[in-house]
Amino acid sequence: MQQLTRNGVLIDDTFAEAFGMRATAIIITAPTLKWARQAAITMTGYATSVIGCGCEAAIDIDLDESKTPDGRPGCRVMIFAMSTDDLQKQLKSRLGQCVLTSPGSACFAGLEGSAPLDLGNSLRYFGDGWQISKKFGGRHYWRVPVMDGEFLCEATTGLTKSAVGGGNLLFLAADNTKALHAAEQAVAAINKVPGAIMPFPGGIVRSGSKVGGKYKGMMASTNDAFAPTLRGVVNSSLSPEVNAVLEIVIDGETSDAVAAAMRAGLKAAIDLGPKKGALRISAGNYGGKLGKFHYHLKDLLP
Amino acid sequence: MKALTFSLIAEPDQRLDLTPLTPAALTGLTVSQIEKLRLGAGRDGLLVGDVFRLSGKDANNVVIEGGSARFDRIGAGMASGHIRVNGNIGSQAGRKMSGGAVMIEGNTGDHAGSGMSGGRVEIRGNAGNNVGGPVAGELTGMEGGVLIVRGKAGDYVGDRLRRGIIAVLKGCGDYAGYRMIAGTIVVTGRVGAMPGYLMKRGSLLFDRRPEQLSPTFVPCGEPEIAFSGLFDRYLVDENITDRPLLGPRPGRYGGDNAVSGKGEILYRRGR
């Protein structure tokens with residue numbers, strides 16, 4: 001494989017392969033940013049991969065008082081799924097169990113999409129007849145009485161069909177500390193990119209996978225070509241100095257958002273350099289046959 | 001293109017129904033056709049040309065220069081376009097309108113915005129009784145849209161209001177929100193007796209605690225709610241009020257318990 005070098009870091013001439021997904025976004029507000037984030041973190045828990053969780057979700061960006069509908073601090077949460085039905089089901093149950101329940105929370109549409117998804121329209125029945133409907137400014141809200149006052153929730157949010165899931169970067173480093181350092185720097189940079197989320201723990205995944213496996217029924221199994229302990233016994237992609245690999249997976253509202261996020265992540269890891277961070281940066285793909293979206297690293301370099 | 005302007009020649013000697021002077025009804029008509037539109041009733045009913053001098057061509061923007069308390073039903077039934085009136089007018093301005101905007105730089109008579117379902121009516125002066133309310137025999141009043149009275153309004157503001165927003169900025173008479181079905185009424189300034197009398201659902205939003213309330217309204221505390229911040233911002237963004245109305249912890253009364261009791265009065269505390 002051909003390689004480029006930036007700031008001493010090797011860049012593989014390869015690409016990340018990503019898929020079209022359905023996505024939505026909501027804005028969660030609370031009396032303080034701490035509690036808005038708490039509701040958001042709770043509702044995006046166990047949402048790392050559609051394979052096992054039904055959806056992929058994370059906080060997109062924090063919003064200060066001037067940027068939220070009700071003038072309280074908040075954050076924008078994005079949720080991705082493979083079908084509209086899955087997305088609606090996940091949205092409804094996560095909203096009902098995690099946001100409705102969180103102290104002082106309110107919830108608003110975070111996306112003007114091609115079709116509506118129910119928010120308050122499905123939760124209003126919790127009000128047991130005491131819910132209040134309010135329509136103004138071309139928007140519809142539900143006010144549901146709860147024990148600390150009211151849960152205010154917009155009736156619907158938008159759905160986009162042009163979302164992309166599966167953008168990724170692989171950081172190959174001499175040891176775990178350096179791999180983590182590179183990945184953390186990239187996560188911090190990508191967090192600032194609007195419309196892109198990283199659904200894995202802290203944005204980082206250590207168990208990258210390949211399609212299928214030797215056991216029946218396994219849709220995915222360990223990416224042995226990038227597992228350093230198997231370097232000698234499998235057809236490895238790792239050179240002798242690499243002892244740890246970490247991956248960042250990116251879902252974006254649009255293909256441009258994924259590209260912008262990968263560009264920001266690449267720049268952060270390259271700026272860190274090979275002595276403190278990654279020796280080499282790569283990306284995961286399936287040969288280009290499965291996913292419609294290809295992000296070539298050489299096009300995204302700083 | 002200059003707005004189609006109707007300049008008042010002299011105060012008419014009869015009540016006139018200005019329903020024909022909406023943008024949609026005037027579009028495509030020539031000046032002579034417009035001058036022959038009948039506004040008065042009966043054998044001696046006046047025509048447009050008897051009352052107004054016409055100028056301008058843009059029928060989507062209608063301006064009536066000079067008002068009269070005998071001008072009724074301005075903008076009635078309109079669905080689009082703009083009407084501006086410089087002067088005081090009579091009753092039922094914006095009656096049953098579904099879209100567009102009516103701006104009245106003066107006072108109006110009773111039943112302004114009666115039964116409207118969309119669009120925006122703004123009255124710079126005072127309004128009479130039954131703002132947005134139904135006329136005799138109708139079951140519902142205003143059903144949507146925004147109705148702003150920058151001055152005072154009379155009694156029965158928002159009678160049988162079902163949806164939409166009515167804002168009165170310099171106080172109103174008695175029985176605001178009378179028999180309200182749902183919707184929102186904002187009043188800044190003094191509110192008369194018995195606001196919300198027989199309201200089923202909906203919200204009355206005041207900038208002070210109402211003084212004379214029906215005993216069938218009960219205090220519901222003063223919890224912190226996100227709705228007040230959201231609605232305060234809407235009012236300021238839409239230039240309906242120039243400052244937040246309720247604040248983060250408004251006081252609340254529930255009522256009217258003489259009927260279903262699902263309505264509310266929210267008010268800014270401390271005044």
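Biologist: In this predicted model, which way do strands β1 and β4 of chain B run, and how many bridges join them?

Modeller: One reads a strand pair from its bridges and its direction, and here strand β1 (residues 3-8) of chain B is joined to strand β4 (residues 58-65) of chain B by 5 bridges, the two running parallel. Within that pair, B:S7 stands opposite B:E65 of β4(B).

Biologist: Which strand does β4(B) join through 5 further bridges, and what stands opposite B:E65 there?

Modeller: Strand β6 (residues 82-86) of chain B runs parallel to β4(B) and is joined to it by 5 bridges, and in β6(B) the residue opposite B:E65 is B:N86.

Biologist: Turning to the interior, which residues have the most contacts inside the largest nonpolar core?

Modeller: That core has 169 residues, and A:F171 and A:A269 are those with the most contacts inside it; helix α6 (residues 255-272) of chain A gives the most to this core, with 12 residues. Leaving aside residues up to four places away in sequence, A:F171 touches A:A179, A:A182, A:A183, A:V245, A:L246, A:A269, A:A278 and A:I281.

Biologist: How far apart do the C-alpha centres of domain 1 and domain 2 of chain A lie, and how many residues does their contact take?

Modeller: The size of an interface is often given as the accessible area lost when the parts come together, but a residue count can also be read. The domain assignment gives domain 1 of chain A as 3-18 + 163-300 and domain 2 as 22-160, with C-alpha centres 30 Å apart. Their contact takes 12 residues from domain 1 of chain A and 14 residues from domain 2 of chain A, and the domain 1 side divides into 8 nonpolar, 2 polar and 2 charged residues.

Terms used:
Residues numbered from 1 in each chain as written. Chains lettered and ligands numbered in written order. Predicted model: local features only at pLDDT ≥ 70, side-chain atom pairs only at ≥ 80, totals over all residues. Core = buried A, V, L, I, M, F, W, Y, C linked by C-beta atoms within 7 Å. Buried ≥ 20, exposed ≤ 12 C-beta atoms within 10 Å, placed from the backbone. Helix = DSSP H or I, 4+ residues; strand = E, 2+ residues; numbered from the N terminus. Contact = placed C-beta atoms within 7 Å. Pairing = 2+ DSSP bridges. Domains from an automatic or database assignment. Nonpolar A, V, L, I, M, F, W, Y, C, P; charged D, E, K, R; others polar.
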